[in-house]
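Hi,

Here is the structure I promised to pass on. Have a look at it first, and then read my notes below.

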Amino acid sequence: MIRVAVVGAKGRMGASVVQAVNDASDMQLSHTIDHGQDPAQINSGNTDVAVEFTIPSASLSNVLTLVAHGVDVVVGTTGWDDDKLEQVRQALANAPRADQSVFIAPNFAISAVLADHFAAQAAKYFESVEVIELHHPDKIDAPSGTAIHTAQAIAASRREAGLGPMPDGTVTDGGSRGQVVDGVHVHAVRLRGLNAHEEILLGNAGEQLVIRADSFDRGSFMQGVLLAVRKLRDGGYPGLNIGLDTFLDL
Ligand SMILES: NC(=O)c1ccc[n+]([C@@H]2O[C@H](COP(=O)([O-])OP(=O)(O)OC[C@H]3O[C@@H](n4cnc5c(N)ncnc54)[C@H](O)[C@@H]3O)[C@@H](O)[C@H]2O)c1
Ligand SMILES: O=C(O)C1=N[C@H](C(=O)O)CCC1
């Protein structure tokens, strides 16, 4: 049995993970903790893998504590930047176990992972690319971690293909052109009734390609979360790995 702890267990995602772990025949819940409880109670003596879904301002500290206590960590919380990722790499370099793993995914839904992958493939064939992400209005961060990841992948693909900046004659902008991530405009919609959705619009003169991924409920993320838990428990992914595509043959 894989002993799994859930950090952020009272949240929307954490509660879904608790249920998914309880439903999995090869896993047992070791700990569930939330705000105000010490993550240091989770350690290699009682837990194999911790799953962390909290808030961007708390996630790094939780992950560093878990790594220091010898636990592999699957992270779904957003808000990671290069500086935070480097702190995780440093912690792993000094971790109690030599082969310890942290796995971070901005999105565990296969539809979103594939949309991201296809967008990066397509981006070099189009003059213009923009990203629209649409989420429930209780989400605290914008743009979404997924959209930032998608924009970065699009930008890398365009750079590799030697493409320059996209055409844009905008002279006045009161904010309606969205946030520019690595040269790619990202627009965020918050609407009651939505869950997690992303559209990538790619345009050339006279043609358009739209790639869209929809997560209608949080169950869509659970297969990816459990896959990551099993992969980390089996070993073979030491250090920091990012993105569910790590485990897929894309
Ligand atoms: N990777 C993915 O596939 C995916 C999918 C959905 C959401 N997310 C991300 O996961 C995160 C959580 O989303 P949510 O909708 O579950 O949010 P939520 O607000 O419903 O849940 C967050 C939980 O974390 C708890 N928390 C806050 N600080 C904490 C701390 N220091 N220690 C322990 N727990 C703490 C809160 O009390 C709350 O229960 C967000 O960053 C969101 O963007 C990622
Ligand atoms: O509901 C959320 O919050 C989500 N957050 C992630 C993101 O910011 O990309 C993944 C999708 C759902």
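How many cavities of 30 Å³ or more does a search of the whole structure find? The search finds 1. Please keep in mind that this is a predicted model.

That cavity has a volume of about 80 Å³. Its lining is made up of 13 residues, and those closest to the centre are Asn-107, Ala-112, Ala-196, His-197 and Glu-198. Sorted by class, the lining holds 7 polar residues, 3 charged and 3 nonpolar. At least two lining residues come from each of helix 4 (110–123), strand 6 (128–135), strand 9 (196–204) and strand 10 (207–215).

Helix 4 is worth a look of its own. Its 14 residues should span 20 Å at 1.5 Å a residue, and the C-alpha atoms at its ends are indeed 20 Å apart, so the two values agree. Which residues of helix 4 are buried? They are Ala-112, Val-113, Ala-115, Asp-116, Ala-119, Ala-120, Ala-122 and Ala-123. Ala-112 therefore appears both among the buried residues of helix 4 and among the residues closest to the cavity centre. The cover over the buried residues of this helix includes strand 6, strand 9, strand 10 and helix 5 (145–160).

On helix 5, you can pick out Ser-157. Is Ser-157 buried or exposed? Its relative accessibility is 12%, so Ser-157 counts as buried, the cut-off being under 20%. Leaving aside residues up to four places away in sequence, Ser-157 touches Ala-120, Ala-123 and Lys-124.

Happy browsing, and best wishes!

How values were computed: Residues are numbered from 1 along each chain as its sequence is written. Chains are lettered from A and ligands numbered from 1 in the order in which they are written. This is a predicted model: local features need pLDDT of at least 70, side-chain atom pairs count only at pLDDT 80 or more; totals for chains, interfaces and linings use all residues. Side-chain values use heavy atoms; hydrogens and water are left out. On a 1 Å grid over the protein atoms alone, a cavity is a set of points where a 1.4 Å probe fits but cannot get out, and a pocket is an open set with protein on both sides within 12 Å along at least five of seven lines; lining residues have an atom within 4 Å of a point. Grid points are joined across faces, edges and corners, and a volume is the space filled by probe spheres set on the points. Helices (H or I, at least four residues) and strands (E, at least two) are DSSP runs, numbered from the N terminus. Ala, Val, Leu, Ile, Met, Phe, Trp, Tyr, Cys and Pro count as nonpolar, Asp, Glu, Lys and Arg as charged, and the others, Gly among them, as polar. The expected span of a helix is 1.5 Å times one less than its number of residues. Buried means under 20% relative accessible area, exposed over 50%, partly exposed in between (1.4 Å probe, protein chains only). Contact means heavy atoms within 4.5 Å.
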